[in-house]
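User: Please take a close look at side-chain pairing in this model. Start with the charged groups, then work inward to what surrounds them. Keep it brisk.

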Amino acid sequence: MGQITSTEPTEKVKYQEFISNYQFLRRIRDPRYGEIGILEDRMTKEQVALKEIISKDNQDFEKELKYLTARFRITHPNILRILGFTSKSEEKLCASFHKIFMIVEYLESDLEREIYLKKHSGQFYSEEQLWYLTESMVKALAVLQSNYIVHGDIKPSTIFVSKMGVYKV
């Protein structure tokens, strides 16, 4: 294997500082998040997801950083929170690539699971619940659109549900 070099000599320290407020719990494969690490905030005990994005293309890397910067600034009750991100560039032999590490709010449930559970228990959504779901999604998508962000993958499995019953994209 080739030697790993970074564009910044302090990137390992930067990453360690980035995750220092969290304790690693486990690594999982979640169909909604992909391959992630589950971390726990040392102070709040909130579980979060650590996702790694790898890009070999400079243009894709810059586009992803621009997107994450815009998303990080958005705080809305119906939008999944990005709690932070950091990046580094590495070179191995003849190849270079970029890594982005992102900490995002982790919610275990989604609308697809909620529909499945209701269907199999013979329950139905009330009109009020359906209006709440619709209003939540419209508000969230309006905020994303006003920030020139396209979600691009709205479906029941990408509409998250908090333990308090709040719908988020």
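Analyst: Lys139 is partly exposed, at 41% relative accessible area. In this predicted model, Lys139 forms a salt bridge with Glu135, and the closest N and O atoms lie 3.3 Å apart. Glu135 is also partly exposed, with a relative accessibility of 41%. Why are Glu135 and Lys139 separated by about one helical turn? Both sit in helix α4 (residues 127-146), and they are four residues apart, which means about one turn lies between them. Elsewhere, Glu46, Arg81, Glu105 and Lys168 are joined into one network by salt bridges that share partners. The structure holds 10 salt bridges.

Now a pair that spans the chain. The side chains of Lys99 and Glu52 form a salt bridge, 3.7 Å from N to O. This pair links distant parts of the chain: Lys99 belongs to strand β6 and Glu52 to strand β4, 47 residues apart. Their surroundings can be read from the accessibilities. Lys99 counts as buried, at 17%, because buried means under 20%. Glu52 is partly exposed, at 34%.

Next, Glu35 and Arg29. Their side chains meet in a salt bridge, 4.0 Å from N to O. Glu35 is partly exposed, at 39% relative accessibility. Arg29 is exposed, with a relative accessible area of 64%.

Glu35 leads into β3 (34-41). Seven of the eight residues of β3 are buried, so the strand is largely enclosed by the rest of the structure. Strand β2 (residues 22-30) runs antiparallel to β3, and eight bridges join them. Three residues make the hairpin connection from β2 to β3. On another side of the pairing, β3 and β4 are antiparallel and joined by five bridges. Their hairpin has five residues between the strands, and Lys45 there takes a positive phi near 70 degrees. Glu40 ties the pairing together: it stands opposite Gln23 and also opposite Gln47 in β4.

Finally, the core. The largest nonpolar core has 16 residues, and those touching the most other members are Tyr33, Ile36, Ala49, Leu80, Ile100, Val104 and Tyr106. At least two residues of this core come from each of β3, β4 (47-55), α2 (58-72) and β6 (95-105). Beyond its neighbours within four places in sequence, Ile36 contacts residues including Arg26, Ile28, Ala49, Leu50 and Tyr106. Apart from this core lies another, of 12 residues, among them Leu133, Ile149, Tyr167 and Val169.

Note on methods
Residues are numbered from 1 along each chain as its sequence is written. This is a predicted model: local features need pLDDT of at least 70, side-chain atom pairs count only at pLDDT 80 or more; totals for chains, interfaces and linings use all residues. Side-chain values use heavy atoms; hydrogens and water are left out. A nonpolar core is a set of buried Ala, Val, Leu, Ile, Met, Phe, Trp, Tyr and Cys residues joined through side-chain atoms within 4.5 Å. Buried means under 20% relative accessible area, exposed over 50%, partly exposed in between (1.4 Å probe, protein chains only). Contact means heavy atoms within 4.5 Å. Two strands pair if DSSP finds at least two bridges between them.
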